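Work through the two exercises below. Each has a task and a stepwise solution.

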Amino acid sequence: MAIVVIRQDNKLDAWKKALIAKASNTAIYSYLEDHPKEEITMACIWKQPSETLNLYPNLKCIASFGAGVDFIFKDHSVPKHIPITRVVDPVLASDMSEFVLALILGFFKNLTTYKTDQLQKIWSPQEYKRISDVTVGIMGMGALGEKLAEDLIKNRFRVVGWAKSKKIIPGVEVYAGNSQKNTFLSLSNILVCLLPLTKETTGILNSKLFRELPKQSYVINVARGGHLVDEDLLEYVNNGHLAGAGLDVFHEEPLPVEHPFWNHPKIQITPHVASVSDIDSVIPQLLENYRRLEEGLPLMNEVSREKEY
Ligand code: GLV
């Protein structure tokens, strides 16, 4: 039994070293070094190159380094029978919640406008919003959505949620399924997308949805670029129906330099930093799943192949 670490960014060595530091008796390899393919039982991965996961004949678990697993389902070379796990981590959830709170408050208090004004030495007070003025609508009431709702409520926001099926979450009116989507949208002055990216949710942030939001709402996408139809957002921000948007994720990352989001005064972009897997917090759950694999026990945080999350 052994673990292979697969990721194409500059964090490959750091994750491998951190795994070794916490599991010195386990054979742990980087996919870039020579390693015995038949010994590998667990692959810890983030955006693997295609035709990589099919090289391991005894693979028993594919573990995402993050909360998302969409990049695994997109790769048709990934064997279909191997269980997939994802990260469910309180640090990931609180980081996300802090980021969304910062975006909402920055938007309310016109902070990006003032920064732009400052660079041009413009003194121009604006009207501002208060927490009591708005309702925040969260699309996707999984671990991240629930934590965000909890923190928003603590900060006196009214919160509504939308989930695939009915959920009971203290203090949140949760609407479920397509039949209740428009009611949910009609209440959401700030719409936060925290949905998993699946066949069903691809392109869900589109004109049809924006039309249902109250006038002057603000859209936050911290899930995946694939949820958003970029042209539709531009249309609804430019025609004044939406007051603006905060986007942390894009179809192509880094966002291409010619993309209109870069220079749009009402669209705040950030480089996919809302919530980044914390090595110290995530390693123990990866190793716990490896131990379960060794002992033939059920895995934690296994993803449903049917639901894609
Ligand atoms: C980050 O985008 C993640 O899925 O953890």
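**Exercise 1.** List the residues that line the largest cavity, then sort them by element and class.

Step 1. The lining consists of Ala 63, Ser 64, Thr 85, Arg 86, Val 87, Gln 285, Leu 286, Asn 289, Met 300 and Asn 301. A cavity is a set of points, on a 1 Å grid over the protein atoms alone, where a 1.4 Å probe fits but cannot get out; lining residues have an atom within 4 Å of a point.

Step 2. This predicted model uses pLDDT of at least 70 for local features and 80 or more for side-chain atom pairs, but all residues for totals for chains, interfaces and linings. Residues are numbered from 1 along each chain as its sequence is written, and side-chain values use heavy atoms, without hydrogens and water.

Step 3. Strand E4 (61–64) and helix H9 (279–295) each supply at least two lining residues. H9 gives the most, with 3.

Step 4. By class, the lining has 4 nonpolar, 5 polar and 1 charged residues. Gly counts as polar here.

Step 5. The largest cavity holds about 50 Å³ of space.

**Exercise 2.** Find the residues around the ligand and their polar contacts.

Step 1. Trp 46, Gly 66, Ala 67, Gly 68, Arg 224 and His 272 surround the ligand, each with a heavy atom within 4 Å of it.

Step 2. Look for polar contacts (pairs of N or O atoms within 3.5 Å). A backbone N or O atom of Ala 67 sits 2.8 Å from a ligand oxygen. For Arg 224, a polar side-chain atom is 2.8 Å from a ligand oxygen. For His 272, the corresponding distance is 2.9 Å.

Definitions and conventions: A polar contact is a pair of N or O atoms within 3.5 Å; within protein, one must be able to donate a hydrogen and the other to accept it, and residues adjacent in sequence count only if both atoms are side-chain atoms. On a 1 Å grid over the protein atoms alone, a cavity is a set of points where a 1.4 Å probe fits but cannot get out, and a pocket is an open set with protein on both sides within 12 Å along at least five of seven lines; lining residues have an atom within 4 Å of a point. Grid points are joined across faces, edges and corners, and a volume is the space filled by probe spheres set on the points. Helices (H or I, at least four residues) and strands (E, at least two) are DSSP runs, numbered from the N terminus.
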